[in-house]
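Work through the exercises below with the sequence and the structure side by side. Each task is followed by a solution in steps.

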Amino acid sequence: MRAVKSYSVRNIVAAGGYSRSGSTMLAVPASSVSPALAAEIALRHYGVVAAAERLPSEFDDTFRLVAGDGSRWLLKVGAGPAGVATGADEAGFQTALLRHLAAVAPSLPVQRVVTALDGRPEVTLSGRPVRMTSWLDGRLLGTAGSNAGLRRDVGGTLARLNVALRGFTHPGAGRTHRWDLQNFGALRPLLAELPDSGRGGLAECLDRFDAVVAPLLAGVALQVIHTDFHGENLLTDGARVTGILDFGDALTGPVAMDVGVAACYQLGAGGADADLLAPALDVAGGYHAVDPLARCDLDLVAEFMVARVAARIILSQAHAARDPGNARYLLRRTPAAIAHLAALRAIGLDEIGRRLGAACELEVAS
């Protein structure tokens, strides 16, 4: 539904923006964008008449647009160059990535970029990048029941994504952020903000990374990767992955990091009494079946699994210390992460690597 119709903006000035008479330009506030202003942006720049509903988002202003006939889109207003998240190059990177996937891997279940009325794939308003995409339906993987076949499809889908992104380059891909495990050691100063209990084990994880993993990364092949392939960013029909969401953390890094992150979020998915590691091995095995991993890759997958769980503990506790009013939300998954880290350390990296090799039917190095 793209035809422009007459439209009355409900108190757009109070929403924090204004219309310029005779112009399609809109002023977008540096602070939060209102649903009314989001609807005006959709109309003025995309010809879409729809109601806007705000969706949770860490930095960007994100909205679901729903038209009268039920058609839906996603509208994202980035934090912009002056914000704490993405600058223009980085926002353009995400748009270019989605357009690349549409061209080279149309069967992948990713959102499609909707071009503006003037043909641009991305609009900039008051220094803030704006992107509209198609809407993907499905149930979040994190709320669906888990099974081995679905977990293997998580791995296989990630592999198909990485194969499609191999060779894709963009100036914004050289970014980094707090979840970039290539810089896991940079989280060390945050230990001072954490409770004393458990701080020692986290320091040992950081020591291990700095001494063993960081030197290995200098010789590892890099490409654009998702880096956040978990249950809140994936849709499913219960049997397979039907949607890949949120490329906001994508960057250039090693494939092993992507696999390690995806695998660690499936730890314990089999239930409290089941093998903790087995569900993560399903993901690795599913990945390897589509995009084969070398033995050295699997060793790094093991390292990144542990690093990601440790990073979750460090960042959640540090953020809760800085924002005690929101501590309950920030720490909602931290107890499970603490238990998983303790279990992984008890299993040991050598054994994790051995089991990853068995899941991928690779021989273990002697």
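Helices and strands are DSSP runs, numbered from the N terminus, with at least four residues for a helix and at least two for a strand. The model is predicted. In these terms the protein has 10 helices and 11 strands. Buried residues make up 52% of its 366 residues.

**Exercise 1.** Locate serine 126 and glutamate 361, and state for each the sign of phi and the exposure class.

Solution.
Step 1. Serine 126 sits in the loop between β5 (123–125) and β6. Glutamate 361 belongs to the segment after α10.
Step 2. Serine 126 is not a glycine, yet its phi is positive, at about 55°. Glutamate 361 is not a glycine either, and its phi is also positive, at about 55°.
Step 3. The cut-offs are under 20% relative accessible area for buried and over 50% for exposed, with partly exposed in between. Serine 126 has a relative accessible area of 47%, so it is partly exposed. Glutamate 361 has a relative accessibility of 74% and therefore counts as exposed.

**Exercise 2.** Describe how strand β3 is paired, and decide whether β3 is enclosed or open to the outside.

Solution.
Step 1. Strands of a sheet pair through backbone hydrogen bonds, either parallel or antiparallel.
Step 2. Strand β2 (residues 61–66) runs antiparallel to β3, and 6 bridges join the two. Within this pair, arginine 64 has leucine 74 of β3 as its bridge partner.
Step 3. β2 and β3 make a hairpin with 5 residues between them. Glycine 70, in the turn, has a positive phi of about 95°.
Step 4. β3 also pairs with strand β6 (residues 128–134), in the antiparallel sense and over 5 bridges. Here tryptophan 73 is matched with serine 134 of β6 as its bridge partner.
Step 5. In β3 (residues 72–77), 5 of the 6 residues are buried, so the strand is largely enclosed by the rest of the structure.

**Exercise 3.** Give the strand order of the open sheet that contains β9, name its edge strands, and place helix α3 against it.

Solution.
Step 1. The sheet has 3 strands in the order β7-β9-β10, with antiparallel pairing.
Step 2. β7 (139–140) and β10 (241–244) are the edge strands, each pairing on one side only.
Step 3. Strand β9 (residues 234–236) is joined to β10 by 3 bridges. Leucine 235 has glycine 243 of β10 as its bridge partner.
Step 4. Helix α3 (residues 148–165) lies across β9 and β10, and runs at about 40° to β10.

**Exercise 4.** Characterise the packing of helices α6 and α10 by geometry and by contact residues.

Solution.
Step 1. Two packed helices are described by the angle between their axes and the distance between the axes.
Step 2. For α6 (residues 278–290) and α10 (residues 349–359), the angle is about 50° and the axes are 9 Å apart.
Step 3. The two helices are therefore oblique to each other. Their crossing is right-handed.
Step 4. On the α6 side the contact is made by Ala278, Leu281, Ala284 and Gly285; on the α10 side, by Arg355, Leu356 and Ala359.
Step 5. Sorted by class, this contact of α6 with α10 has 5 nonpolar, 1 polar and 1 charged residues.

**Exercise 5.** What share of the contacts with a separation of 6 or more comes from residues 24 or more positions apart?

Solution.
Residues 24 or more positions apart account for 70% of these contacts in the protein.

Definitions and conventions. Residues are numbered from 1 along each chain as its sequence is written. This is a predicted model: local features need pLDDT of at least 70, side-chain atom pairs count only at pLDDT 80 or more; totals for chains, interfaces and linings use all residues. Side-chain values use heavy atoms; hydrogens and water are left out. Axes are lines fitted to C-alpha atoms, for helices over the stretch in contact, and angles run from 0 to 180 degrees between N-to-C directions. Angles under 35 degrees count as roughly parallel, over 145 as roughly antiparallel, 65 to 115 as roughly perpendicular and the rest as oblique. A crossing is left-handed if the near helix is turned anticlockwise from the far one by less than a right angle, and right-handed if clockwise. Contact means heavy atoms within 4.5 Å. Ala, Val, Leu, Ile, Met, Phe, Trp, Tyr, Cys and Pro count as nonpolar, Asp, Glu, Lys and Arg as charged, and the others, Gly among them, as polar. Buried means under 20% relative accessible area, exposed over 50%, partly exposed in between (1.4 Å probe, protein chains only). Two strands pair if DSSP finds at least two bridges between them.
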